[in-house]
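Work through the exercises below with the sequence and the structure side by side, and try each task yourself before you read its solution.

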Amino acid sequence: MRSLNDPQLLREIIMDHYEHPRNRGLVDDDSYLKVNMNSETCIDDLDIQVKFNGDKIEDVRYDGEACAICTSSTSIMSELVKGKTKAEAQKIIDNYMNMIYERDYDPEILEEAIAFQNTHKQANRIKCATLGWNGLIELMKESEE
Amino acid sequence: MLDVAQIRKDFPMLNGKTMQGHPLVYLDNGATTLKPQVVIDSVCDYLTNYSGNAHRGDYDLSHEVDEHYEKSREIVQKFIHAKRKEEIVFTSGTTDSLNMIAYGYGLTHLQQGDEILITVAEHASNTLPWFDVARQCGAVVNYIELDETGRLTLENVQKATTDQTKIIAVAEVTNVLGYHAPMKDICEWAHSRGIIVVADGAQSVPHQVTDVQETDVDFLAFSGHKMCGPTGIGVMYGKYELLKDMKPTRLGGGSNSRYNSCGVVTLKKPPYRFEAGTPHIEGAIGLASAMGYLMNIGMDNIYQYEEELRQYCIEKMQKLDNVDIYNPDSQGAVAFNIKGVFSQDAASLFNSYGIAIRAGQHCAKILDEFLKVSTTLRASFYFYNTKEEIDAFVEVCKKGDDFLDAFFK
């Protein structure tokens, strides 16, 4: 079995989600909460939609213009949290952010998202790798209001 | 010709600074430039040996500061060939200068229905103030069409001009496409119709001989940090008669000669009426030192060398089949993309080889309407860059497909 630390595998994960983003495309449905995430320092510009059903994240959608890192990290995020409870999603988010900011994290729970474990080495890309995730965080907060 | 090896010794950042484990190759000179030791020393000298306020004290130290500060103004005058030193106003940079012109001159002179002409290639700082001024006074902003390569031509300026045109505000060299505007011809045409010409000199003044009397431009704005000077200092040049007729956008200490409790204020003469508050003294001194350094090398020499460098770069890039160049025949920055690679991703790849280039819209957010691509990479040179650095840059261009390498090194 190939190791999760194999750069070639991690690269394939990112390219796969960049070239074939999952859950991409917005829906015209008022039951979704929506936020525009627009990087102030670069071009990344995604609309994120999340449908909550009580405590559950029923669907995650996104669309817009973004680089490979931003697109693939958002695609992976959408697959990871879809169908999860908010508490489960929060745990995934916390671990992802811990990984990005070089704190302790559980690689198991992050599945394919570990492809972004080296983001800190290209510090200016942290905003790309977190844009979609921060959109989810905002919408989870909004759903509590 | 330039002795670039010798010149590079003057820049601490070119002697030991690394990025991602590689010697820094700095190709983002359109954003800001590196500083030679002589500029650093002049700033430190002020902070260390004579840091008092200007125009204030009745003691030797303050007088010494005054002398240096006013001497700096004279050096700027000489550098841009202005008629008198009172036409030089120190500002915080091009953005500040353009805002002062738009609000201090535009807003007080434009009327309902008047027209301001710009182009889609302008930087945000030569666009947004005009949008706002137009909105406030009922004027309109219209666009001079660029030719098919992205150039501003006199013919298109003439076509765009109407009886309502009162101000033409354009970059002397645009910051993404890098084409020169025929400034002298534009001024001649504009002045024959009573139109004021504002030049954004941010990308031109650092790279070529600037002669405001030759071009006859009415206002010129530029920044110190794009020409080896410190950040936070820039210049607004204006013809003296226009400055006299212009309102300061900031008021306060140092800009007035007297006022009373009834609110009657007598402003000082230009340039002091525009320099309220304690000025950026070490900035002005550093800028003057940078200008002295550049004049020593010679702006003509700098222009020629950069042209040669650019030509070398374009020829090498044109041999690659994975690169789109948007302005092969301009004189400024090289705007390009690596085919199939998002600009931000490509910039990270360059970063991982120690090469600094910019990705994105470069503050020209309506230029995409002309270029038909939303973002580009921009490599911009200065006289301290070398052909060897361009070789390193072109090597990375070839690796475009491996843009994720940056992530897994």
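The exercises that follow concern a predicted model, and each solution goes step by step.

**Exercise 1. Two helices in chain A**

Task: Determine how helix 1 of chain A is oriented relative to helix 2 of chain A, and find which residues make the contact.

Solution: Begin with the two axes: helix 1 covers residues 7-19 of chain A and helix 2 covers residues 68-81 of chain A, and their axes come within 8 Å and cross at roughly 90°. Angles from 65 to 115 degrees count as roughly perpendicular, and helix 1 of chain A and helix 2 of chain A are therefore roughly perpendicular to each other. Next, look at the residues that make the contact: helix 1 of chain A contributes Ile14(A), His17(A) and Tyr18(A), while helix 2 of chain A contributes Ala68(A), Thr71(A), Ser72(A), Ser75(A) and Ile76(A). Sorted by class, this contact holds four nonpolar and four polar residues, with no charged ones.

**Exercise 2. Chain B against chain A**

Task: Describe the side of chain B that touches chain A, and name the element that gives the most to it.

Solution: The contact involves 13 residues of chain B and 15 residues of chain A. On the chain B side, two or more residues come from each of helix 12 (343-352) and helix 15 (405-408) of chain B. Of the elements, helix 12 of chain B gives the most, with four residues. The classes on this side of chain B are five nonpolar, seven polar and one charged.

**Exercise 3. Two domains within chain B**

Task: Locate the two domains of chain B and describe how domain 1 of chain B meets domain 2 of chain B.

Solution: First take the bounds from the domain assignment, which gives domain 1 as 4-31 + 298-408 and domain 2 as 40-296 of chain B. The centres of the two domains of chain B, taken over C-alpha atoms, are 29 Å apart. The contact uses 24 residues from domain 1 of chain B and 21 residues from domain 2 of chain B. On the domain 1 side, at least two residues each are supplied by helix 11 (299-318), helix 13 (368-371) and strand 17 (376-379) of chain B, and helix 11 of chain B gives the most, with five residues. That side of domain 1 of chain B divides into 11 nonpolar, seven polar and six charged residues.

**Exercise 4. Helices with a buried face**

Task: For helix 5 of chain B and helix 7 of chain B, find the buried residues and explain why they line one face of the helix.

Solution: Start with helix 5 (residues 128-137) of chain B, where Pro129(B), Trp130(B), Val133(B) and Ala134(B) are buried. Viewed down the axis of helix 5 of chain B, these buried residues fall within an arc of 130°, so they line one face of the helix. On the other side of helix 5 of chain B, Arg135(B) and Gln136(B) are exposed. The cover over the buried residues includes helix 4 (94-109), strand 5 (115-118), strand 6 (140-143) and strand 7 of chain B. Just after helix 5 of chain B comes Gly138(B), with a positive phi of about 80°.

Now turn to helix 7 (residues 183-191) of chain B, whose buried residues are Met183(B), Ile186(B), Cys187(B) and Ala190(B). Down the axis of helix 7 of chain B they fall within an arc of 100°, so they too line one face of the helix. Their cover includes helix 6 (154-160), strand 7 (165-171), strand 8 (196-200) and helix 8 (212-215) of chain B.

**Exercise 5. Backbone exceptions in loops**

Task: Decide whether Asn23(A) and Cys228(B) are buried or partly exposed, then locate the cis peptide bond that ends at Pro271(B).

Solution: Most residues other than glycine have a negative phi, and most peptide bonds are trans. Asn23(A) has a positive phi of about 60° and lies in the loop between helix 1 and strand 1 (32-38) of chain A. A residue counts as buried if 20 or more other C-beta atoms lie within 10 Å of its own. Asn23(A) has 16 other C-beta atoms within 10 Å and is therefore partly exposed. Cys228(B), in the loop between strand 9 (219-223) and strand 10 (234-238) of chain B, has a positive phi near 75°. With 27 C-beta neighbours inside 10 Å, Cys228(B) counts as buried.

The cis bond runs from Pro270(B) to Pro271(B), with omega near 0°, and Pro271(B) sits in the loop between strand 12 (265-267) and helix 10 (281-297) of chain B.

Conventions:
Residues numbered from 1 in each chain as written. Chains lettered and ligands numbered in written order. Predicted model: local features only at pLDDT ≥ 70, side-chain atom pairs only at ≥ 80, totals over all residues. Axes fitted to C-alpha atoms, helices over the stretch in contact; angles between N-to-C directions. Parallel < 35°, antiparallel > 145°, perpendicular 65-115°, else oblique. Contact = placed C-beta atoms within 7 Å. Nonpolar A, V, L, I, M, F, W, Y, C, P; charged D, E, K, R; others polar. Domains from an automatic or database assignment. Buried ≥ 20, exposed ≤ 12 C-beta atoms within 10 Å, placed from the backbone. Arc of directions from axis to C-beta.
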